[in-house]
Amino acid sequence: MTVIDQKVSYFSISFGLVLIDKPLPYDLYINSSTHASREKFVCILRRDNALSSSELINFREKYYQLYIKEDQRDLYLRSLMVVDNAEDLEKATVIKDSAIKYLQTIFERDHEFSNELLDETIEGCKESVESMVDVIQDYDILDVQKLIADLSFHDFYTYDHSINVAMYSISIMKALKPEASRHELVMAGMGGLLHDLGKVKIPTSIINNPGKLSDDDFMIIKKHPGFGLELLNEHKCDHHEINFDIIKRVVGEHHENYNGTGYPNKLEGKEISVFARITAIADFYDAITTKRSYHEVLSTEDALEVMARSVGRKIDPKIFEVFRKNVNVILDGKSHQELPDDFDPCHPQNVLPLEKAAAKIQRSDFTKKDKLDFGKVKTDPKKKKAS
Ligand SMILES: [Fe+2]
Ligand SMILES: [Fe+2]
C-alpha cells in the first residue's frame, strides 16, 4: 500500500523483510497518527543504522506497520536480496508490487508522457527486474510457473502478464545460454516487462476486454508494437546500463511469427531479434498456463503440446526445444489441439481459441552450431530420468 502525505509518498513493508544486524540502506518510518483517516509519518530509524532482531520484535509489538519513503523503494528492493530467512515468495511479492507500481505510472492515463516520467519508470522497472534476476536466476521454467501461481494477481491483465513474461523470459534466457551475463538476463526481463508498452495508447476498454473482439478492435490492438516503438523513439531515454535497442526490438517484434505471418512487419526467422523470440515463447506459455479469473488454463503437458504445434509457424523451433527440455515434459500429444497463428497471448481471453489440431508436431534438435549460438542446453539432472 502506498500512502501520500504532503506530496511525500510512503509504502508499507513487512516486518519479515527488514534487514537485521546490517546498516539499513533506507530510513524507517511509522505512522504515528491516532486517526484512522489521517497519517503522520515519523522516522524511527535513519539509514546507515543497524537494527537488531530484539529491536525489531519490539517494533512489531509497538507498531502496526513500518513504512519507507517511495523515493527509497529502489534501495529497499536491493536490500531484499541480503535479507536472511525471507522466502522467495515474500521477496517476489514485493518485487511484483514494485513492478506493478512502475507499470501503473505509465499505464494510468492521468498524465502526459515526458522524458522524465519514462526515464524514471524504466529505471524503476530495471530495479524490479534486477531483483527478479536475483530471485529466479537458478529457477527452471516450472519453478517460475509455481512462483507465478503462488503470487496474487491483479485485475489488470497487462500488469500480471507483463511481470510473468519478464520472469519466464529471464528463465528461458538462462536455459538457452547458461553462461548468459547478468546484463543479458536483465535485458531479457526488461523486454518481457515492457513488451506491451504500446498498449498505453490503446483504450482500456479494448485491452481489458476478455470477450471476442470486433475486427476493428483487433486492428487497433495490432498497432501496439508500433505505438510502443514510437514512444521509445520520441522520448530519448538514456541509461548506460540499459540497452534500449534490445527493448525496442522486443516491443516492436514480439508479435512477429517465425514463419513471417506475424505483425507489424512480417519479419521471419532470425530477422526477429532473439530477445523478441524468447519473449514470444514466454508470452505464449503465460497466456495458456497462468490461471486467470476469466478462463481455464491448460496443463503443462497440454500447453507444451499446443505450443509444439505452433513451432516453425509462430515460435522458434530451437528456442522452443530448449524450453521443452527445461520443462522436461515428454510430448506425447494427448489433447490434439492447437491455437491459430494469430492467437494473441498479450490479450485476455474468456475462452482460449483452441481448435482441433491440423498441424503436426515438429521436432527440432539442437545442433553443434546452435550450441555455439545459444550455449549448452540446460537440463535439470534431477529430472533427467523422465526425458
Ligand atoms: Fe503484445
Ligand atoms: Fe504479451
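**Loops, a helix pair and the overall chain**

With 12 C-beta neighbours inside 10 Å, Lys266 counts as exposed in this predicted model. A residue is called exposed here if 12 or fewer other C-beta atoms lie within 10 Å of its own. Although Lys266 is not a glycine, its phi is positive, at about 50 degrees. This lysine belongs to the loop that runs between H11 and H12. Pro264 is found in the loop between helix H11 (244-253) and helix H12 (274-289), and the peptide bond leading from Tyr263 to Pro264 is cis, with omega near 5 degrees.

A positive phi also appears at Asp21, where the angle is about 60 degrees although the residue is not a glycine. Asp21 sits in the loop between strand S2 (8-13) and strand S3 (28-31). It is exposed, with 11 other C-beta atoms within 10 Å.

Turning to helix packing, helix H2 (residues 73-80) and helix H3 (residues 88-107) meet at an angle of about 155 degrees, and their axes are 10 Å apart. H2 is therefore roughly antiparallel to H3, since angles over 145 degrees count as roughly antiparallel. The crossing of H2 past H3 is left-handed. On the H2 side, Arg73, Leu77 and Leu80 make the contact, and on the H3 side Lys91, Val94, Ile95 and Ser98 do so. By type, the residues of this contact are four nonpolar, one polar and two charged.

A wider view takes in the whole chain, whose secondary structure comprises 15 helices and seven strands. Of its 387 residues, 39% are buried. Among contacts between residues at least 6 apart in sequence, 72% link residues at least 24 apart.

Conventions
Residues are numbered from 1 along each chain as its sequence is written. Chains are lettered from A and ligands numbered from 1 in the order in which they are written. This is a predicted model: local features need pLDDT of at least 70, side-chain atom pairs count only at pLDDT 80 or more; totals for chains, interfaces and linings use all residues. Axes are lines fitted to C-alpha atoms, for helices over the stretch in contact, and angles run from 0 to 180 degrees between N-to-C directions. Helices (H or I, at least four residues) and strands (E, at least two) are DSSP runs, numbered from the N terminus. Angles under 35 degrees count as roughly parallel, over 145 as roughly antiparallel, 65 to 115 as roughly perpendicular and the rest as oblique. A crossing is left-handed if the near helix is turned anticlockwise from the far one by less than a right angle, and right-handed if clockwise. Two residues are in contact if their C-beta atoms, placed from the backbone, lie within 7 Å. Ala, Val, Leu, Ile, Met, Phe, Trp, Tyr, Cys and Pro count as nonpolar, Asp, Glu, Lys and Arg as charged, and the others, Gly among them, as polar. A residue is buried if 20 or more other C-beta atoms lie within 10 Å of its own, exposed if 12 or fewer, and partly exposed in between; C-beta atoms are placed from the backbone.
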